[in-house]
Structures are given as structure tokens and as C-alpha cells.
Amino acid sequence: MKNESVDVLIIGAGPSGAVAAAYLHKQGLKIKVVEKNRFPRFVIGESLIPRCMDHFDAVGLLPCLEAKGFEVKRGARFMNDKGVVCNFDFSKKHGDGWDWTWQVPRADFDKTLTDELERWGVAIDFEKEVVDVVFADDGTSATTVKGKDGDRSVIDAKFIIDSSGWGRVLPRLLDLDRPSEIPEHATIFTHLKDVRRPEGEEGTLITFDIIDTDTWLWVIPFSNGDCSIGYVGTIAYLESFEGSPTEKLRQMMRLSTYYRERFEGLDYLFEPRTIKSFSASVKQLYGKGYALTGNSAEFLDPVFSSGVTFAAESAHLSAKLIAKQQSGENVDWEKEYTEYIMYGVNVFSTYVKEWYTGNLQKIFFHSTVNKGIKAQICAVLAGYVWDRSNPFVKNHDRLVKTVAHIADMEMERALER
């Protein structure tokens, strides 16, 4: 059995693994990335938010992405079943930071990142599955990987970053999973050729079409003419539709008065796929010799497109701390990693929960929502959930409820008049 020694082993070559690899490579550390799949491969998480741009820029991955001409995303549109529309413009958000990002077919986006890393000389082994990890008392590890042909090899590492996403390699092997506090939902989704796409801005807008408090449709147009469509709802709701996945999604698409005509009768590029109970959490974000990043650590809900941003944020931070530790400096992983990452997770978690209670939807669709409040919420939707100068970040646990209550009272007064 072949053995190899590296400073850092990165499990997973998605955006999280790519950001970590880019940073550590530039720090001169010997790294190895192992990825179970062969790229390009399909994955969801196609709508980015501006905060992730900070990290792609910081590690030098922005130029290769800009060259691809992905669809620019300057905000997000929410609409409800009463025909009320709420637009968020990232350029009008509270605070500093990027005011645009992209809508991307992840197969192309992720392969662009790995192609660039390989051009730099980063070692990426595709179609290699981690089957076992043994940690020594000092945190060094021996990881057994299996190739597509069944051959096994061992990678000795001083540190492991688990960026395996839905594979959740270390949470599975080390029994780190714990139930998420986010309500359980499911999603059904596909891509199609968007042949009836309107001209101009309308044809480019990412939209969340709200069917009811628990159920919503996403529409994400790509620059290549394709479009991602998908429903999110309770598991029971999605299972209430009969027929094949294609038949189910066609029935659901007819519930959207706004998009029914645009997508009616179009062929799906692949049989719609379903994911159930996608929210995930862990008992701890790090241990002696490893750190969990991205979806390997926490995944909330697709409603605010936070997945890639948390992936990039946690990957960049963990890589910085590993480089600091490898240079002989002390690192307080609890304070510098867990407390920081979980602050942002908790902010976004509040918004996801309050979305499904209906409180956030009341604010979005309230006719006289204050511009300052909207700007502060917009900054959260842009991913700047560590900016404590924003009241809707600092006081996230009570402010959404308070403003929703005020909106209710104003509505009651309006009805009485």
C-alpha cells in the first residue's frame, strides 16, 4: 500500500476545498486534495451571495471565475401569491462589501476552480474516496483512500480539512453529526433550456416565488441560456404529488402564476432530483488535527443561498489558522474558529427560522417597510452576518420578531380605517 506525507490533507474539491487549497498553497505548505467524484459533476448551490467574493478574491481565484462570464447577480427578488414583489438590491445594503456576485452552474464553476488550482501545481486526486481516518494523540493522521479501481493508499497528514460537503466524511467517521434545529424540508429540482426567457433584466433575475409560508419556488437563470428551477417545501407536501419526479415537478410548476407560462411544456435536462431533510449540524467544528468546513459542518436551508459563502468563509479562516499553527504560533480554535463561524451561522439560522414562521415574509411584503431596515436586512442576505454594526445582525434574535409584530399592528390599523 502506497504512503504519502503532506502538511494538510483537504477532503473535497468544491468551493470550500478550493479556497482552503488556494490559501495554503500560497503559504508554501505541502497539500493534497482528494475528491470522490470526477469533475465536472452536478451539484446544487447555484446562487451565490456577495460575501463569498471577498474570499475568492483574497486567495487569487477571482480572475479565473470572472473570465467565465457567469450571470451577474445584483440582488434577489421575492414575490408572494398575492402578487406583491419585494426586490433587494445589494448596492443599497447597510455597510461596506461587495454589491454583486454570480448565478452559476456549479459543474462549470467548481471545475473552473480546480482547473486553476491544478494550473498552479496543486495536487488534486479525483475519484478517490476516504474510507478510514486514524488520528494519533498529537493530531497527526493516517487517511486511507480508495480509488475507482479499488486500490488503496494512505496519506499521512499533520492536519485535515474536511470540505466534503454532503459527503460529510469526518462527521460520519467520527460520529460528529447532531440533529439540526432548522425545520425539516425537502426539495425537488432540475435544469431546463430557458427558451422563453424575457429580454433584459427580467430574464436574468433570481426569484423566490412564494406559494405559501412553507413552500417556495426558485428560478435561477444562467448566462448559458439554461435555468435552474426547484421547489422547497415540507416533506409531506412534496410527497403529496403523484407520478414520476418529472410529473410531480410539472404539477408544482403550474402553482406559480408568474412562471407557469414561461416554463410550461419545456423538457427538463435531467430527471428532477429530490433531497429530503437537507439541514445538518455537528457536535463540534474542529478537533485535534482537523477542522470541518462548509456543508461538512453546518447546512441551514437554501432559501437565502448561504451555502457557498459559509463554505468559503470557514475554509479561508481554517486555512489561515492552520498556517498560523504550522508556523509555531498558538491558535485558540474554540475562540478563533468555532465562536466566529457559529456567530454567522446563528444569525442566518434566525433568518431561516423566521422565514418559516412567516415573520420575515411579513417584513418583506409589508408595503411601508422602512428603507433603513430593508438596507440592514439586505446586508444579511448579502452574507455580511459578522458585521455587528448592523442592528439586524447584532440583535438578530429579537429584531425580526419585533419588526414583524409592528408590521402586523400596522396592518390591523389599516384594516380598521
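Is Arg168 buried or exposed? In this predicted model, Arg168 is buried, with a relative accessible area of 9%. That places Arg168 under the 20% limit for burial. The residue also has an unusual entry in its backbone angles, described below after the overall fold.

**Overall fold**

The protein chain contains 14 helices and 19 strands. A compact globule of 417 residues would have a radius of gyration near 22 Å. The protein chain has 22 Å, so the two values agree. Along its principal axes, the C-alpha trace spans about 75 × 45 × 40 Å.

Of the 417 residues, 57% are buried. Contacts were also examined by their separation along the chain. Among those with a separation of 6 or more, 72% are between residues 24 or more positions apart. The surface exposed by the protein chain amounts to about 17,700 Å². Carbon and sulfur atoms supply 48% of that area.

Charged side chains number 51 positive and 61 negative. The centres of these two sets lie 1 Å apart.

**Backbone features**

Phe39 and Pro40 are joined by a cis peptide bond, with omega at about 0°. Pro40 sits in the loop between β2 (31–35) and α2 (51–58).

Two residues other than glycine have positive phi values. Arg168 has a phi of about 45°. Its place is the loop between β10 (152–162) and α5 (169–173). For Asp175, phi is near 55°. Asp175 belongs to the loop between α5 and β11 (177–178). Arg168 is buried, whereas Asp175 counts as exposed, at 54% relative accessibility. The cut-off for exposure is over 50%, so Asp175 passes it.

**Salt bridges**

The count of salt bridges comes to 24. Three pairs are described here, followed by a network.

Glu116 forms a salt bridge with Arg119. The closest N and O atoms of this pair are 2.8 Å apart. Both residues belong to helix α4 (residues 106–120). Because they are three residues apart in that helix, about one helical turn separates them. Their surroundings differ in accessibility: Glu116 counts as buried at 13%, while Arg119 counts as exposed at 62%.

Arg262 pairs with Asp194 in a second salt bridge, the closest N and O atoms being 2.6 Å apart. This pair links distant parts of the chain, 68 residues apart. Arg262 lies in helix α8 (residues 260–263). Asp194 lies in the loop between β12 (186–193) and β13 (207–212). Arg262 counts as buried, at 9% relative accessibility. Asp194 counts as buried too, at 6%.

A third salt bridge forms between Arg254 and Glu264. Here the closest N and O atoms are 3.3 Å apart. The two residues are 10 positions apart in the chain. Arg254 is in the loop between α7 (245–253) and α8. Glu264 is in the loop between α8 and β16 (273–276). Arg254 counts as partly exposed, at 37% relative accessibility. Glu264 is also partly exposed, with a relative accessible area of 33%.

Salt bridges that share partners also build a network. Glu4, Lys32, Asp125 and Lys128 are joined in this way.

Terms used. Residues numbered from 1 in each chain as written. Predicted model: local features only at pLDDT ≥ 70, side-chain atom pairs only at ≥ 80, totals over all residues. Heavy atoms only, no water. Helix = DSSP H or I, 4+ residues; strand = E, 2+ residues; numbered from the N terminus. Rg over C-alpha atoms; globule rule 2.2 N^0.38 Å. Buried < 20%, exposed > 50% of the residue type's maximum accessible area, 1.4 Å probe, protein only. Contact = heavy atoms within 4.5 Å. Areas by Shrake-Rupley, 256 points an atom, 1.4 Å probe, with all protein chains shown as cover. Lys, Arg positive; Asp, Glu negative; His and termini not counted. Charge placed at Lys NZ, Arg CZ, Asp CG, Glu CD. Salt bridge = Lys/Arg side-chain N within 4 Å of Asp/Glu carboxyl O.
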